[in-house]
Amino acid sequence: AEESAAPIEVLTVDYDALYASHEPDEVVAQINGKDVCWDEYFYWLYYNCAQAENYIGTMANYGLAISWDDALEEGSDQSIAEYVVASTGEQIKQMHSIEEFAEENNIVLDEEALAAIEEQVQSTIASVCGEDATEEDFEEYLAQAYMTRELYDRMNRINTLYQQGYIQLYGETGELVSDETALQYLEDNGYLSANHILFMTIDSTTGDALDDETVAAQEAKAKELAAELQAITDPKELLDRFAELKEEYCEDTGKTTYPDGYTFTSGTMMSEFEDACNALEEYQVSDPVLSSYGYHVIIRLPLSPDSVVEYSSSGTPLTGRTLAANMEYGSRLDAQYEKAEFELIPGFSVNLKDYLK
């Protein structure tokens with residue numbers, strides 16, 4: 001029988017020894033002139049080290065020997081150990097940037113937000129330490145991850161400031177974004193808007209082609225509806241009639257989710273559908289357009305800031321206003337982050353290899 005390969009040794013960090021190398025309140029870095037003490041710095045260092053250890057251990061399980069000296073990505077001259085230290089500074093910058101952004105933009109936590117934080121904290125304590133747990137129990141629990149209660153509370157506030165910043169500046173779903181800004185976002189990103197009535201030429205269940213007689217009937221009906229709609233010149237009358245006909249005839253399985261049509265970018269719809277939309281003027285109706293699904297009677301629509309553009313992974317509808325708000329908020333936070341200056345105190349450094357075991 002073949003001998004099994006010797007297990008790969010995985011070196012881990014001696015966190016207790018590393019933490020003991022500095023006093024918790026020792027200033028080890030500054031960000032925009034504000035002190036960063038060892039306890040805050042170490043928590044993020046520990047967090048990133050744990051992620052790296054998990055990666056190295058996972059690779060070992062697959063028979064790949066990865067060391068802390070190896071590069072995280074091919075072609076990089078930064079070792080995993082160096083990446084961990086660099087990432088620690090970046091995460092501290094990110095947290096401080098949210099605080100400073102909130103301060104500069106007058107984002108405040110009202111009584112409701114503070115009460116929600118407290119409710120979540122108490123729920124967390126009960127969940128991880130038990131219903132009868134004390135504050136001391138919870139602090140001991142946090143200490144296992146080298147986190148102080150002060151840092152835990154601060155991170156909760158920062159997370160809530162991040163959420164409240166969006167709400168106070170843009171509304172719950174971006175409703176405070178102006179029509180002009182939302183439409184500009186849609187135009188800048190190449191969105192088109194259209195509705196259609198689909199006459200299918202395939203079986204929706206099996207995908208098999210329908211018989212020639214049925215396909216011919218579908219084409220004839222599509223031509224009939226297209227001609228009727230093309231004869232209507234008043235936009236409101238046209239939209240009302242289009243909606244009636246769509247309700248009666250459209251066989252698109254997505255018509256319930258997108259009753260008002262689709263707002264989309266290039267490459268996300270069938271090429272025949274997209275090409276037809278590009279060839280139409282606003283409120284113009286196409287002749288029947290054949291795709292692999294069937295015949296489409298398409299109406300080009302003006303972009304609307306409140307049209308549903310897509311759905312989030314949780315099923316939340318996202319409009320042009322929402323996406324514009326998301327982009328602008330992210331850009332403003334990124335700008336805040338980019339201007340932050342994080343510097344280690346002269347003489348302070350971390351060499352993880354000195355603490356591997």
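**View 1. E99 and R154 meet in a salt bridge.** E99 is partly exposed in this predicted model, with a relative accessible area of 24%,. Its partner is R154, and the two side chains come to 2.9 Å, N to O. R154 has a relative accessibility of 16% and therefore counts as buried, because the buried class takes in residues under 20%. Here is something to look for: which helices hold the two residues? R154 belongs to helix α6 (residues 149-170) and E99 to helix α3 (residues 80-104), so the bridge ties together parts that are 55 residues apart in sequence. A further residue joins in, as E40, E99 and R154 are linked in a network of salt bridges. For context, the count of salt bridges comes to 15.

**View 2. A salt bridge joins E135 and R149.** In this pair the closest N and O atoms are 2.2 Å apart. The bridge links distant parts of the chain, with E135 in helix α5 (residues 135-143) and R149 in helix α6, 14 residues apart. Is each partner buried or exposed, or in between? E135 counts as partly exposed at 33% relative accessibility, whereas R149 is buried, with a relative accessible area of 15%.

**View 3. R332 and E328 form a salt bridge inside helix α11.** Take a look along helix α11 (residues 320-339), where both residues lie 4 residues apart, about one turn of the helix. The closest N and O atoms of this bridge are 3.9 Å apart. Both ends are partly exposed: R332 has a relative accessible area of 29%, and E328 has a relative accessibility of 31%.

**View 4. Helix α9 has buried residues on one face.** Let's start with the length of the helix. At 1.5 Å a residue, the 15 residues of α9 (residues 235-249) should span 21 Å, and the end C-alpha atoms are indeed 21 Å apart, which agrees. Which residues of α9 are buried? They are L238, F242, L245 and K246. Seen down the helix axis, the buried residues fall within an arc of 105°, so they line one face of α9. The face turned away from that buried side carries the exposed residues K236, E247 and E248. What covers the buried residues of α9? The cover includes strand β3 (192-200), helix α8 (212-230) and strand β6 (294-301).

Definitions and conventions:
Residues numbered from 1 in each chain as written. Predicted model: local features only at pLDDT ≥ 70, side-chain atom pairs only at ≥ 80, totals over all residues. Heavy atoms only, no water. Expected span 1.5 Å × (residues − 1). Buried < 20%, exposed > 50% of the residue type's maximum accessible area, 1.4 Å probe, protein only. Arc of directions from axis to C-beta. Contact = heavy atoms within 4.5 Å. Salt bridge = Lys/Arg side-chain N within 4 Å of Asp/Glu carboxyl O.
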